[in-house]
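Trainee: Could you take me through this one? I want to see how each label is earned.

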Amino acid sequence: MVHASEEDHQAIREAIRKICAAFPDTYWREIDKAGEYPQAFVDALTASGYLAALIPEEYGGAGLGITEAGIILEEINRSPGNALACHAQMYTMGTLLKHGSAEQKRRYLPKIASGELRLQAFAVTEPNAGSESTRIETRAVRKGDTYIVNGQKIFISRVKQSDLMLLLARTTPYDQLKDKTQGLSVFIVDLRDLKGKLEVKPLDMMFNHHTNILFFEDVEIPLENRIGEEGKGFRYIIDGWNAERILIASEAIGDGRWFVERGAKYASERVVFGKPIGANQGVQFPIARAFAHVEAADRMRMFAAEKFDAGEKCGAEANMAKLLASEASWEAANACLDAFGGYGFAREYDVERKFRETRLYMTAPINNNLVLAFLGQNVLGMPKSY
Ligand SMILES: Cc1cc2nc3c(=O)[nH]c(=O)nc-3n(C[C@H](O)[C@H](O)[C@H](O)COP(=O)(O)OP(=O)(O)OC[C@H]3O[C@@H](n4cnc5c(N)ncnc54)[C@H](O)[C@@H]3O)c2cc1C
C-alpha cells in the first residue's frame, strides 16, 4: 500500500473538489428528478483514477488505503454530489483483493482500474433473511465446473449499471450445517455474458439509487468465478465489514459538512424580523451542535481508518465511526432543513434531496441497531439478542 502523507490527503481533497466542481447543484438535481444514473460524473471519476484508489498499483490502481478512499468519498458527498452511485467498487474491493485468486485479480482488476469493467453491484440481502445474512436462501448448486443459481435478492443496487456483481449464495442447505456461518459462497457474476435468466426489477425508492429485486432462474456461474473456498463466503464478507463501515462514515461526514456549510451560510444571509435568522440561538445552536458532532465523528472515522490501514483490529472504532457519523449527518440535515424553513422543501435548494440521501446511512448497508448490538455484545460483552 502507498503511504500517503497529510499533504497527499490535502492534494486528494483538492483533486476531488476540482472534479466535483464540474458537476454543480443543477446536474445532481436534474439527475435526481429524472431518476437517471450520473454517468458523466462516474466517467470523470473513473478517468481521474480515484475510483481505483484501493486497487494495488501492480494492477493499474492507485494502491491507496481506506483512509484515502474515505477522503475521496467524503469529498464527493461534501460537494452537491453523492458517492452512492459508485462507492460499491470500493466497498467490495476487499473481498476480491483478500480472497480472490491471482488469476481472478489478473483477469478483473486492471480492467476495473481502467474503467473498462464496472464492479458496482453486490448482492447479499434477501426478502426472507434481512439483516440475518446467514439465513439467505438463494442456492448455488455445483454441477461439474458450473454452479447453477436459483433464488431471489432484494435491494440490490446498480445491477444495470455494472458489468460485474459479487453474489453471496448458499452452497450447503442451512439445516445441514453445524456452524451456521458456513455454507455460503461468494461469486463474481459476469453480467455481460450470463447463461440462464436473471430478471432485474427496479424498485421505486425514496431517492435516486437504482435499486432492484433480482430473480435468478438457472443462472450459470463458472467454477473459476467462485472467490476462495466453497462455504467460506460469509467469513469473506465479514472481513470487508470494517472497511465498509469506515467508508459509509466518510460519506456521512461529507454530507454532514455540506449541511453545516449550507445551513450556516443561509442562516447568515436570510433576514427575517430585521436580522439574519442565524443570529437567533434557536437557529444557530442546532447547526453549531451538529457541526461539533460531525467533527467528533470525523476524528473517530480517521482513528478507525488509521488502525485499519496499519493492519490493527478496528471493529469497535469502525462501528463507532459509522454510528456517530450517520447520526451526526442526520442531525446536520435536520438543522439545515429547519434553517431553510419552507425553502428546505423546495427542490431548487437541494437540501431536501441531500436530506433524503443521507437518511440511508443509518439503515444501510447495515442498520444502526446492529451496529449497537456489535458494540454492546462484541465489545462490551453484554448478552446477545440474536
Ligand atoms: C437504498 C438501499 C440500497 C441497498 N443496496 C443494497 C445492495 O446493493 N446490496 C445488498 O445486498 N443490500 C442492499 N440494501 C439492503 C440493506 O443492506 C438492508 O436493507 C439492511 O441490511 C437492513 O435489512 P432489512 O431491510 O431486511 O431490515 P430487517 O433485517 O428486516 O430489519 C428491520 C429493522 O429491524 C431492526 N432489527 C432487526 N434485527 C434486530 C436486532 N437483532 N436487534 C435490534 N434491531 C433489529 C433494525 O433496526 C432494522 O432497521 C440496500 C438497502 C437500501 C434501503
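Mentor: We go from the ligand to the strands and then to two backbone details.

Mentor: This is a predicted model, so local features need pLDDT of at least 70, side-chain atom pairs count only at pLDDT 80 or more, and totals for chains, interfaces and linings use all residues. Residues are numbered from 1 along each chain as its sequence is written, and side-chain values use heavy atoms, with hydrogens and water left out.

Trainee: Which residues come nearest to the ligand?

Mentor: F122, T125, S131, F155 and S157, out of 21 residues around the ligand. A residue counts as near if one of its heavy atoms lies within 4 Å.

Trainee: What makes the F122 pair a polar contact?

Mentor: A polar contact is a pair of N or O atoms within 3.5 Å; within protein, one must be able to donate a hydrogen and the other to accept it, and residues adjacent in sequence count only if both atoms are side-chain atoms. A backbone N or O atom of F122 lies 2.7 Å from a ligand nitrogen, so the pair qualifies.

Trainee: What about V124 and N367?

Mentor: A polar backbone atom of V124 is 2.9 Å from a ligand oxygen. For N367, a side-chain N or O atom is 3.4 Å from an oxygen atom of the ligand. The protein covers 67% of the 970 Å² of accessible area that the ligand has on its own (Shrake-Rupley method, 1.4 Å probe; for residues, only the protein chains shown count as cover).

Trainee: Which elements give two or more residues to the shell around the ligand?

Mentor: Strand 1 (119-123), strand 3 (146-157) and helix 12 (368-379). Helices are DSSP runs of H or I with at least four residues, strands are runs of E with at least two, and both are numbered from the N terminus. Strand 3 gives the largest share, 3 residues.

Trainee: How do you know that strand 3 and strand 7 pair?

Mentor: Two strands pair if DSSP finds at least two bridges between them. Strand 3 and strand 7 (residues 211-222) have 9 bridges and run antiparallel, so they pair. K153 stands opposite L214 in strand 7.

Trainee: Which other strand is joined to strand 7?

Mentor: Strand 6 (residues 195-202), antiparallel, through 7 bridges. There, K201 has I213 of strand 7 as its bridge partner.

Trainee: What do strand 2 and strand 3 form?

Mentor: A hairpin, with 2 residues between the strands. Strand 2 (residues 139-143) pairs antiparallel with strand 3 over 5 bridges, and K143 partners T146. In the turn, G144 has a positive phi of about 65°.

Trainee: Why is the bond from A364 to P365 called cis?

Mentor: Its omega is near 0°. P365 is in the loop between helix 11 (351-359) and helix 12.

Trainee: Where is R158 found?

Mentor: In the loop between strand 3 and strand 4 (164-170). R158 has a positive phi of about 60° although it is not a glycine.
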